[in-house]
Amino acid sequence: MTRRAVVIGTGHYLPERVVENAEFETKLDTTDEWIRTRSGIERRHFAADDETTSDMATKAAEAALKDAGLSGDDVDAIVLATSTADLTFPSAATMVQASIGMTKGFAFDVQAVCAGFVYALSNANALIASGQADRVMVIGAETFSRIMDWTDRSTCVLFGDGAGALLLEAQDQPGTNDDRGILATDLNSDGRFKDLLYVDGGVATRSTGYLRMQGNQVFRHAVEKLAQTAHTALERAGLGADDVDWIVPHQANIRIIQGTAKKMGLPMEKVVVTVQDHGNTSAASIPLALSVGKQRGQIKTGDLVVTEAIGGGLAWGSVVLRW
Ligand SMILES: CC(C)(COP(=O)(O)OP(=O)(O)OC[C@H]1O[C@@H](n2cnc3c(N)ncnc32)[C@H](O)[C@@H]1OP(=O)(O)O)[C@@H](O)C(=O)NCCC(=O)NCCS
């Protein structure tokens with residue numbers, strides 16, 4: 001038997017305020033048409049002034065607990081992927097730990113920007129496989145609206161806020177690639193590309209800073225690296241593209257999503273797409289798409305799901321799991 005990390009609950013939270021592309025037309029030299037055709041984004045949610053990353057993460061975690069029929073004290077660990085934690089420290093994960101009434105175990109943040117959720121899933125999988133935890137709440141949550149330069153039309157129209165969560169549980173499975181749970185992971189980074197996508201603030205500058213991106217350069221890396229990491233993870237699982245039921249990609253840009261699916265030889269019918277409604281929510285985008293995909297009736301028990309993401313660092317990776 002093999003100890004696998006199986007998804008037993010999903011949940012997500014989106015802030016109430018929805019901002020349509022048209023709203024940017026009144027403030028910037030941009031159009032709904034440009035944003036739609038270049039990115040696929042139609043609208044995004046922005047957090048309220050008093051709403052933080054840990055608030056949204058808590059709501060997503062509570063929804064995942066409800067979905068699993070469990071409570072905070074049934075969880076051994078929280079791994080929270082975010083680049084927009086409420087404070088420099090403590091971690092947003094420990095804030096969520098307190099909010100969901102989890103009085104034991106441990107909680108920590110993972111920071112790999114838009115690749116954060118695949119990094120968090122991979123870490124959670126290792127905690128379960130090694131026997132350090134039986135149930136791990138894996139959350140992606142972001143308030144990128146707080147690090148937008150509202151005068152930079154090439155970035156501020158692309159991002160949104162939100163949170164998604166998966167509850168993983170250790171389950172003994174036969175040990176084949178038909179098992180439920182996480183079957184393989186692949187993580188990569190290359191710090192030589194740090195200037196392509198970064199925030200120009202932090203402890204070094206004593207300020208929060210704003211997101212800076214060379215979008216067309218990031219684009220160039222994205223399709224190739226995403227298809228490659230998905231291929232590597234599938235190969236590690238002893239599977240191929242033909243076995244895939246759903247790709248659940250990081251939701252940054254519809255053209256990157258389409259290009260990656262094409263490079264993998266998979267039709268768009270097998271891709272869960274939420275970018276039109278959420279924009280790029282960085283580490284929250286994959287768990288949001290998984291939770292929405294399940295709600296829509298797309299992802300079902302037994303389906304083979306591949307998630308893949310790339311972001312600042314550059315950092316990228318992928319996870320293959322059977323739902
Ligand atoms: C950002 C992105 C949508 C821009 O699309 P693009 O086709 O590469 O466009 P470019 O950056 O080459 O810009 C083309 C032109 O549009 C302009 N432009 C940029 N933002 C604009 C906006 N919101 N409205 C109108 N025009 C805009 C640029 O100024 C440029 O004008 P110029 O040719 O006169 O200089 C695209 O590069 C992208 O999505 N990249 C990946 C970004 C990403 O996903 N990052 C996150 C990874 S986690």
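Domain bounds in this account come from an automatic or database domain assignment. On that basis the protein chain is divided into domain 1 (2-173) and domain 2 (181-322). The structure is a predicted model, in which local features need pLDDT of at least 70 and side-chain atom pairs count only at pLDDT 80 or more, while totals for chains, interfaces and linings use all residues. Residues are numbered from 1 along each chain as its sequence is written, and side-chain values use heavy atoms, with hydrogens and water left out.

The centres of domain 1 and domain 2, taken over C-alpha atoms, are separated by 14 Å. Between the two domains, 53 residues of domain 1 are in contact (heavy atoms within 4.5 Å) with 49 residues of domain 2.

The ligand is surrounded by 22 residues, a residue being counted if one of its heavy atoms lies within 4 Å of the molecule. The closest are Thr30, Arg38, Arg153, Gly215 and Asn253. Because domain 1 and domain 2 both give residues to this shell, the ligand lies between them. Helices (H or I, at least four residues) and strands (E, at least two) are DSSP runs, numbered from the N terminus. At least two shell residues are supplied by each of helix H2 (32-39), helix H6 (153-156), helix H7 (215-236), helix H8 (254-264) and strand S12 (304-311). H7 gives the most, with 4 residues. By class, the shell has 10 nonpolar, 8 polar and 4 charged residues; here Ala, Val, Leu, Ile, Met, Phe, Trp, Tyr, Cys and Pro count as nonpolar, Asp, Glu, Lys and Arg as charged, and the others, Gly among them, as polar.

Polar contacts with the ligand were taken as pairs of N or O atoms within 3.5 Å. A nitrogen atom of the ligand lies 3.4 Å from a polar side-chain atom of tryptophan 34. For asparagine 216, a polar backbone atom is 3.4 Å from an oxygen atom of the ligand. A polar side-chain atom of arginine 255 is 3.3 Å from an oxygen atom of the ligand. On its own the ligand has 950 Å² of accessible area (Shrake-Rupley method, 1.4 Å probe), and the protein covers 72% of it.

Two annotations come from an unreviewed UniProt entry; positions are given in the numbering used here, feature names are shortened, and annotations may be inferred rather than shown by experiment. The feature "domain: Beta-ketoacyl-[acyl-carrier-protein] synthase III N-terminal" is placed by UniProt at residues 108-191. This span is 21% helix and 40% strand, and its end C-alpha atoms lie 23 Å apart. UniProt places "domain: Beta-ketoacyl-[acyl-carrier-protein] synthase III C-terminal" at residues 234-323. The span 234-323 is 32% helix and 22% strand, with its end C-alpha atoms 15 Å apart.

Backbone geometry was also examined. Most residues other than glycine have a negative phi, and most peptide bonds are trans. Phenylalanine 89 and proline 90 are joined by a cis peptide bond with omega about 0°, and proline 90 is in the loop between strand S4 (77-81) and helix H4 (92-99). The bond from glycine 313 to leucine 314 is cis, with omega near -10°; leucine 314 is in the loop between S12 and strand S13 (315-322). Arginine 206 has a positive phi, near 55°, and is in the loop between strand S9 (197-199) and strand S10 (211-213).

Methods: A polar contact is a pair of N or O atoms within 3.5 Å; within protein, one must be able to donate a hydrogen and the other to accept it, and residues adjacent in sequence count only if both atoms are side-chain atoms.
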